[in-house]
Amino acid sequence: MVKSLPLQTFDKKANTWRGSSVGKSVGFITRRSRVRSPLSLQLNNVGYLLTYLNICHLPCFFQTRIFEPLSYKCMFQIKPILLVIIVATVAGLWKIFEKAGEKGWKALIPIYNYHIWLKILKRPWWWIFIFLIPGVGFMMVMVVSSITGVAFQKKKAWEMILSGLLFFVYLPYLGFGKEKFQLPDPEKAKKEKPSIAHEWMEAIVFAVIAATIIRTFFLEAYTIPTPSEEKTLMVGDYLFVSKASYGARIPMTPISFPFAHTTIVGGVNSYLEWLTLPYIRIPGFTKVHRHDAVVFNFPEGDTVCANMDNPSYYALVRLYGKAAVASNQPIRTMAGVQYPGAIIPRPLDQEENYIKRCIAVAGDTLSIRGAQVYINGQKDEVPEESQMRYLVTTKAPLDASVFKKLDITDDGSTEYQQNGNECFYEMNLTKASLKALKENPVVDSSQAEIEPYGRPDTKDIFPFSAYYPWNVDNFGPLWIPKAGATVKLDTANLPLYRRVITAFEHNNLEVNGATIKINGQVATSYTFKMDYYFMMGDNRHNSVDSRYWGFVPEDHVVGKASFIWMSLKQNVPFAQKFRIKRFFTFVNSEGLSRSYFFPGLLIILIAFLYFYFKNKRMEKKGLKPNK
């Protein structure tokens, strides 16, 4: 019998967990574990195209309700409340089209209804493409709804805001009401100066739309909050992550608050699950390679405890038991006594973002021996700025200037005395820092703190099974799943791939003694549907990574860390905050490039002066300068 943690699902309506612990016959059903037939998949894709690309399309009701169970969390899903919004919006557009001299039935035709809507408002036809962008299209409906209100003489700021936010109410109100559709006279509109509030609102709305497109499909700004990647990426680094490198992922929860991830003020969800889309990735320029610094959604982030981010929900269950976590019993941690709080399921694209270095890609075999990583039997080189934990013995306490000079910034320094003046420090150090420290006459000795082989940690280290007595410095060999590859499956290796089979690839798994059933059929092998990756932090002894939670699926990959534009030290005076040498540096497989800060400043200054003097010349000629 396999004694690893079963994966279960939280039923919101019943306020309980579905599934059972390991026993005579165990059913493992996760939040994303429903089985879909090829026919269902094809029909669902039709429903997706008809529905999302045209949020105001009524026939999506038939595509969704007949062929796609609404309880399926991973693939296409539309909630009844959104169907009501769609019907109300279509009805409103039908009547508005008629008032504008168009046929009302055109409101039902996918995409074409956007063309008609923009046509009657005399807006650019290419706005259609903005409507079709997931995550942005919903905002565009609000914008065009506000413009529609102006055609019905609703020109006040509060009226425009209301018509945008409540478009599904306002459009039917305008369509079925007595107000006439009449566009403002173009000549008169040119003479009328718009109010400051109107100008600001228009500028903000289109800035938000443009920024959302950029951060969804091209670049997104992140900051480094923890020292797990030091000294390559440091706490206080502000960086851009390229989503185009691996291909941008279409938002799975497109109805969300702009520029917010997971929650907003007061812990309220920043997204609505009224509409959820399947995993779709736009083709990128490259694939994930070894040593890439990758941003991804936390693989154990599909279920969280409201009051505790770290340890994760699954780690808490392994340590304290499911009953203790589910019943919100007090748990003693390093931070003191805490209550887990409510158990919250999250959609994939709303799981927390992590950044680690990819150590092994799909098809690789990874081993760690004495903290040295081996890939396919070959030693894996680590970036020069990576760190390991050392026990340093000194003859006297180290001066604070030593820590400042070595830039020891994370929480890995602990001092205590023994045998008089002899002191012991635990430090996370790079090779260069260790070499410099050894040259200090006060230092007696230094030794890497490496967990010995044969001391298993089955509570914290993946795959949490007695079959695999691994620890943080002695791990594997572990084969990384590859799409299309098949492995022999038995109760011995099931702990390695259980979560892949259930949570990530959406199968039902049953274990009865030595018999394994997948989707009701006896299984002696398994063929993987996706590529997977093994991620580790450069700060090897201060990083929670794939050694603790296993594989990262390809659908969790967000983007590639590309460029540090600013880096600030923490808890220091303002004058000492700036790490100038890290400004305008590129992130690569070896660490960081040299800084391009001063060349970058020069380019910005030249561009500023060019546009400044160009506008001055235009003013002298009586022309309107560019803003």
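Modeller: Before we start, a residue counts as buried when its relative accessible area is under 20%. Keep in mind, too, that this is a predicted model.

Biologist: Thanks! With that in hand, how many of the eight residues of helix H11 are buried?

Modeller: Helix H11 spans residues 313-320 and is mostly covered. Its buried residues are Tyr313, Tyr314, Ala315, Leu316, Val317 and Arg318. The number buried is therefore six, by the cut-off of under 20%.

Biologist: Which residue follows H11, and what is its phi?

Modeller: Happy to help with that one. The residue after H11 has a positive phi, and this residue is Gly321, with phi near 95°.

Biologist: Is Leu609 buried, partly exposed or exposed?

Modeller: Let's place Leu609 first: this residue is found in helix H17, residues 597-620. The relative accessible area of Leu609 is 37%. Buried needs under 20% and exposed needs over 50%, so Leu609 is partly exposed.

Biologist: What is the area of the nonpolar surface patch that includes Leu609?

Modeller: A residue needs over 30% relative accessible area to join a patch, and Leu609 has 37%. Its partners in the patch are Leu602, Leu605, Ile606, Phe608, Tyr612 and Phe613. The area of this nonpolar patch is about 710 Å².

Biologist: Zooming out, what share of the chain's residues is buried?

Modeller: The chain has 17 helices and 31 strands. Among its contacts with a separation of 6 or more, 66% join residues 24 or more positions apart. Out of 627 residues, the buried share is 48%.

Conventions. Residues numbered from 1 in each chain as written. Predicted model: local features only at pLDDT ≥ 70, side-chain atom pairs only at ≥ 80, totals over all residues. Heavy atoms only, no water. Buried < 20%, exposed > 50% of the residue type's maximum accessible area, 1.4 Å probe, protein only. Helix = DSSP H or I, 4+ residues; strand = E, 2+ residues; numbered from the N terminus. Patch = residues over 30% accessible without salt bridge, like charges linked within 9 Å, V, L, I, M, F, W, Y side chains within 5 Å. Areas by Shrake-Rupley, 256 points an atom, 1.4 Å probe, with all protein chains shown as cover. Salt bridge = Lys/Arg side-chain N within 4 Å of Asp/Glu carboxyl O. Contact = heavy atoms within 4.5 Å.
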